[in-house]
Amino acid sequence: MKTQGVHNEQISSGMPHGKYRHFLDVNPVSLPDRTWPDKRIEKAPRWLSTDLRDGNQALIEPMDPARKRQMFDLLISMGYKEIEIGFPAASQADWDFVRSLAEQDAVPEDVTVSVLTQARTDLIHRTVDALEGFPRATVHLYNATSPLFRRVVFGHDRPATKNLAVTGAQETVAYLEKRLGDETIVGFQYSPEIFVDTELDFALEVCEAVIGVWQPEEDREIILNLPTTVERCTPNVYADQIEWMSRNISHRDNVVISAHNHNDRGSAVATSELAMLAGADRIEGCLFGQGERTGNVDLVTLGLNLLTQGIDPQIDFSRLDHVRATVEHCTRMEVPARAPYAGDLVYTSFSGSHQDAIKKGFEDRERRLRAGEADIWEIPYLPLDPADIGRSYEAVVRVNSQSGKGGVAYLLSSTRHLNLPRRMQIELSRIVQRHTDIGGGEITADELWNIFADEYLPAEAGENLEPWGSYALTSLSVSSEEDEHSSLTATVTENGVEHVISAEGNGPIDAFAAALSQLGHDIHVLDYAEHALSEGADASAAAYVEAEIDGQVLWGAGIDPSVLRASVKAIVSALNRSCR
């Protein structure tokens, strides 16, 4: 046998990689004594939802006023305390929506609305005018600071870019004092847009200049938003940038560092989490990652990531399917089936080995809870308890051609309360495999039950199935003696012909198997199990029998209000299957 060695040689893909430059070659970050790798997230950050601003402006069809209001009410119900509600100077539609929230007293006293404006006097004035009547509001001022934007978009040098930020901040402060009275608690946020591509020393210089205008102090914070407007570096590099700024910025106790991360490289969640480790106090994003290009960071994923680490996310995700449905309605964009936590398939396992592990995990959890152990969630392949977000367990395991005994057994257990013995699980999974191989696709819980009923309950049939089988139990009488031997008499029909059979044995099951020899069958019971299907006086029982019948080893199942009749029916089931 030959084995494969290590492949060290790299062959060019032919892709034009030479036209791109490594991020650190353009914007190097030196932080050899970085501390964020040794830290851990201990609490939730402050959250800001920008679904109604950044999320809305990225939609093919922006939300109308009704859908905007529905989205706003959803965010309030989930517990978000800071919500960016629009760019009121950008359009009449944005202005009207912002004003509607104020005029209808739609904003709770403890919620801060945020509005965005560019550093232009006319836009600043109209933005501040829109805030009249809100209990708490933040004006978010921004201008682009990166070398590429300075050179290509605006034709500004460093002094001109810094001056634009300073004059914009001065105009904002002056007009806030002139326009809004004491009835509104006002905050200020500044973004050096394209921060991730801006030289750190210049980003710090501009931010310090804006801080000098606002003059933060106790009870007068300033929010500095340091965005990956376009995600262009690995998350660790952004974390270094955040830690560097956090160390070097003045008035740090009164400065809130906010991270606004996009997902262009597919790592916005990691970028945001590392930013928290590096000193970010606040995270801005959208539900399910809606937003420009590949989207803003997903607030649902970030929040539930915290929950699965034992940290209170401070947001209510207990009705996640409702949240998803509302967002899909408002944005007219679907949440992918594999989206973390919320997708249709994320708690679903088709693989046989996965299903078996999940089934055993639930059984282990039940044992631990019955023993009085702490309610700690530890289930293979399920980092989150679906019940915590309002999901049922019925969708956890689904059956297709890739499924094994664990999935089949779990689905029957969760939907029909049937706890099949392990060897019977193996037998049934092979039967189900034949169906999926022939028909393809997924088998639903109802279809699985019909396969089971057709195979094991021939005389009773399942939904939409015709009864079949040569033998059926008509009547049964059992008497036990002191030595635990049982005397049994039964009436069994064979293709419609009645036979009265009787025998003695070591218990009713042994006696019935012996009685069936009178019909010409050699039956030996190898294994037996039974359990109740429900609680109460009218509960039914399920019984399972493994038997060797005329040289074949196979299982039978019986369901009846009487445990004894269920057991005897299980033998009849195995006998019918041997004849089939």
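This note goes through two sheets, the helices that lie on them, and two further helix contacts.

1. The model is a predicted one, in which local features need pLDDT of at least 70, side-chain atom pairs count only at pLDDT 80 or more, and totals for chains, interfaces and linings use all residues. Residues are numbered from 1 along each chain as its sequence is written, and side-chain values use heavy atoms, with hydrogens and water left out.

2. One open sheet has 3 strands in the order β9-β10-β11, with antiparallel pairing, where strands are DSSP runs of E with at least two residues and helices are runs of H or I with at least four, numbered from the N terminus, and where two strands pair if DSSP finds at least two bridges between them. Because β9 (471-480) and β11 (497-505) stand at the edges with a single partner strand each, one side of each is left without a neighbour in the sheet. Neighbouring strands of this sheet are turned by 15° against each other on average, direction ignored; axes here are lines fitted to C-alpha atoms, for helices over the stretch in contact, and angles run from 0 to 180 degrees between N-to-C directions.

3. Within that sheet, β9 and β10 (residues 486-494) pair in the antiparallel sense over 9 bridges, and Ser477 has Thr489 in β10 as its bridge partner. Helix α17 lies across β9, β10 and β11, running at about 130° to β11, with contact taken as heavy atoms within 4.5 Å.

4. A second open sheet of 3 strands, also with antiparallel pairing, has the order β12-β13-β14. Its edges are β12 (523-532) and β14 (552-560), each with a single partner strand, so one side of each is left without a neighbour in the sheet. The twist from one strand to the next averages 15°. Between β12 and β13 (residues 541-549), which run antiparallel, there are 9 bridges, and Val525 stands opposite Ala547 in β13. Helix α18 (residues 563-579) packs on this sheet, touching β12, β13 and β14, and its direction makes about 140° with that of β14.

5. The two helices named above also meet: the axes of α17 (residues 508-515) and α18 come within 10 Å and cross at roughly 35°. Their crossing is right-handed, a label used if the near helix is turned clockwise from the far one by less than a right angle, anticlockwise being left-handed. Pro508, Ile509 and Phe512 of α17 make the contact with Leu564, Ser567, Val568, Ile571 and Val572 of α18. By class, these residues divide into 7 nonpolar, 1 polar and no charged, with Ala, Val, Leu, Ile, Met, Phe, Trp, Tyr, Cys and Pro counted as nonpolar, Asp, Glu, Lys and Arg as charged, and the others, Gly among them, as polar.

6. Elsewhere, the axes of α8 (residues 200-214) and α9 (residues 235-248) come within 11 Å and cross at roughly 45°, and the crossing is right-handed. In α8, the residues Leu200, Asp201, Ala203, Leu204, Cys207 and Glu208 meet Gln241, Trp244, Met245 and Asn248 in α9. This contact has 6 nonpolar, 2 polar and 2 charged residues.

7. Helix α10 (residues 268-278) is largely enclosed by the rest of the structure, because 8 of its 11 residues are buried, that is, under 20% relative accessible area, against over 50% for exposed and partly exposed in between, with a 1.4 Å probe and protein chains only. The buried residues of α10 pack against α9, β7 (255-260), β8 (282-285) and α11 (299-307). After α10 comes Gly279, whose phi is positive, near 125°.
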